[in-house]
Number of protein chains: 2
Amino acid sequence: MGIKMRAWEKNIRQVVPYTPGEQPKLSDVIKLNTNENPYPPAPAVEEAWKSMDISALRLYPDPKAEALVGAIASYYGLSEDQVFVGVGSDDVLGMAFLTFFHSDKPILFPDITYSFYDVWADLFRIPYETPELDQNFCIRARDYDKENGGVIFPNPNAPTGEAVELSFIEDVLLHNQDVVVIVDEAYVDFGTQSALPLIEKYENLLVVQTFSKSRSLAGLRIGYAMGNQRLIQALNHVKYAYNSYTMNMPSIMLGVKAIEDREYFEDITARIIATREYTKEEFRKLGFAFGDSRANFLFVTHPKYTAEEIFEYLKGEKIYVRHFNSKRIKNYLRVTIGTREQMEAVFAALRTWISSKEMRTD
Amino acid sequence: MGIKMRAWEKNIRQVVPYTPGEQPKLSDVIKLNTNENPYPPAPAVEEAWKSMDISALRLYPDPKAEALVGAIASYYGLSEDQVFVGVGSDDVLGMAFLTFFHSDKPILFPDITYSFYDVWADLFRIPYETPELDQNFCIRARDYDKENGGVIFPNPNAPTGEAVELSFIEDVLLHNQDVVVIVDEAYVDFGTQSALPLIEKYENLLVVQTFSKSRSLAGLRIGYAMGNQRLIQALNHVKYAYNSYTMNMPSIMLGVKAIEDREYFEDITARIIATREYTKEEFRKLGFAFGDSRANFLFVTHPKYTAEEIFEYLKGEKIYVRHFNSKRIKNYLRVTIGTREQMEAVFAALRTWISSKEMRTD
């Protein structure tokens, strides 16, 4: 910018500036770019919202967020000291990096994965290595045998949607018993088996989930980790050293209501899974290629058309999907699964475009 | 605990475990221990709450929290790039420590001050020194002339309630032009002059405030910093490297409503100030000593009775005040200013107790 650096600026922590993804502000947009749930939250959320006493907002919330921790523990059959909550799973994962990854040995995560792992590692000056996914975008267990300071990967992975079996996760755990292994299950509720049952056996396993996708509460910022009591206690110690009160009162109260409604949750996730299978079929008909996604998005590529041109066309049609500009995946688009109607609109638009492209090449 | 340390535990960041203050769960408690506002939030907060569309909670909030940043900027006559928001001023201050205090020279803050400064310094491995307040619990400007990596103090100070003039703050700024100076104004709205006008002149000055006290929204977790554009940009860079979406949708929306109602805010703060002056009078009559508090609490001590015995007695009467067990201040109690009725109940209880104590010594 040409402004001379001030003396106080040399004490500023240097980070690579990050700009969040585009947030379209138009109405009537089909927003399929941040994996939000297309359905509203559980009905009890609205009921609780309407009956809340606003004057209570003058009080500090419960620093332990006990009601929410208890509701999550109860839902998953855990004790409360096995559950940690935070301001979205980003806060939970960031806090986990700060808490658990303090070795001079590098932590390990895939080269293609959730975009924040390297950001947190850089922020907290944690060394890391990124073993490559294979050519089918699958994680290779043997890449995680080497000595390391910690392991983290999403299951299913982002933005590929590819999932691994529990036997794979146990394999990684058995080869990494001296470090913390984090399985990021942001997208687990759409047909992947959770690693949660393994926390009784593996005390170094941390499972992280969120209310932002399957529970339609991205706006409330609720994430959680589940693991053995000592892991959770370590997280809490660091959390209390940063901010006693992270969870605001509405998020605690409404999060409880959302997680209590198992029936609504199962109905919604089943609908999204069904729409995903429909979506796969339609993409297939149009010549797209994609992996076996177990998430609420698909990761698609087309042999004839670049991801960028498809992205721009859809954007012109007020349909927002996600594109990542990094080398191995820049010819893919990540498409969130919306409602059936929204997906039908996407394919109507794509059919029109592809037809017009093919007419020109005839 | 006697459990053998596991190998993965050696990679855990060591912090001193912190337990948040006691949170009484009884109803009919007079809660004067965390400086909450005794009055409800501005009326427009409730109106907005009632008219909110719950289905919107399925969407991620604005990562830039533009509506809230804009409302704060507008209220204070600033541009939006001079305002940063976070999850309570604890998040803002913690983020400021992480962002600005990276020198090998110690940062400086008073020995008696807000209890989190040393906690953050320890968490982020920042060296620090704590010059002593004088015997009247006042900050001495000359203590902040020495070379340092940064300066932070509350104004008014916590838990003393003592405030300094703008000329004092300018003195400190002039002697510390090469480091960031943070003035923590959590309690500034109860009769202290804000340092905000100085941010145009001193680009290394960061002013931090909160919605938790004067705006009756502790339950929503809203804090903010104001400073020159480069300071705010540095904060945002680090914030985006940790969590894109810190501010949840209700907090953004309702924070806007709260800050827009200048009239309600001025009425409420005037009432609390008036009740504080009444409270001083009553404490004086009972023989308590205290400084000139400009906050929404008083910091009191009694020549004849220990803080601990008064604390326990009041607790037995379901009146919760705050006691700090550190050496210089363990014979003081911090008493939040509640409603007039609440304070009358406090003094009725104290008069009863003191009378009974004095009868026994006759």
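**Exercise 1. Place B:Asn176 in its surroundings.** Which residues does B:Asn176 touch, not counting those up to four places away in sequence?

Solution.
- Begin with the contacts. B:Asn176 touches B:Tyr144, B:Lys146, B:Asn148, B:Val151, B:Val181 and B:Asn204, with residues up to four places away in sequence left out. The model is a predicted one.
- Locate the residue. B:Asn176 sits in the loop between helix H5 (166-174) and strand E6 (181-184) of chain B.
- Check exposure. The relative accessible area of B:Asn176 is 4%. Buried means under 20%, so B:Asn176 is buried.
- Look for a polar partner. The B:Asn176 side chain reaches the backbone oxygen of B:Tyr144 at 2.8 Å.

**Exercise 2. Lay out the sheet.** In what order do the 3 strands of the open sheet in chain B run?

Solution.
- Read the order. It is E9-E10-E12 in chain B, with antiparallel pairing.
- Find the edges. Strand E9 (289-290) and strand E12 (333-336) of chain B each pair on one side only.
- Count bridges. E9(B) is joined to strand E10 (residues 297-301) of chain B by 2 bridges.
- Match residues. B:Phe290 stands opposite B:Val300 in E10(B).
- Add the helix. Helix H8 (residues 262-285) of chain B lies across E9, E10 and E12 of chain B, at about 10 degrees to E10(B).

**Exercise 3. Relate the chains.** What turn lays chain B on chain A?

Solution.
- Take the operation. A turn of 180 degrees with a shift of 0.0 Å along the axis gives an RMSD of 0.0 Å.
- Name it. That is the relation of a two-fold axis.
- Find the residue of chain B closest to the rotation axis. It is B:Lys50, at 3.3 Å (C-alpha).
- Compare interfaces. 100% of the interface residues of chain B are also interface residues in chain A, so the copies meet through the same surface.

Note on methods: Residues numbered from 1 in each chain as written. Chains lettered and ligands numbered in written order. Predicted model: local features only at pLDDT ≥ 70, side-chain atom pairs only at ≥ 80, totals over all residues. Heavy atoms only, no water. Least-squares fit on C-alpha atoms with pLDDT ≥ 70 in both. Contact = heavy atoms within 4.5 Å. Pairing = 2+ DSSP bridges. Helix = DSSP H or I, 4+ residues; strand = E, 2+ residues; numbered from the N terminus. Axes fitted to C-alpha atoms, helices over the stretch in contact; angles between N-to-C directions. Buried < 20%, exposed > 50% of the residue type's maximum accessible area, 1.4 Å probe, protein only. Polar contact = N/O pair within 3.5 Å; in protein donor to acceptor, adjacent residues only side chain to side chain.
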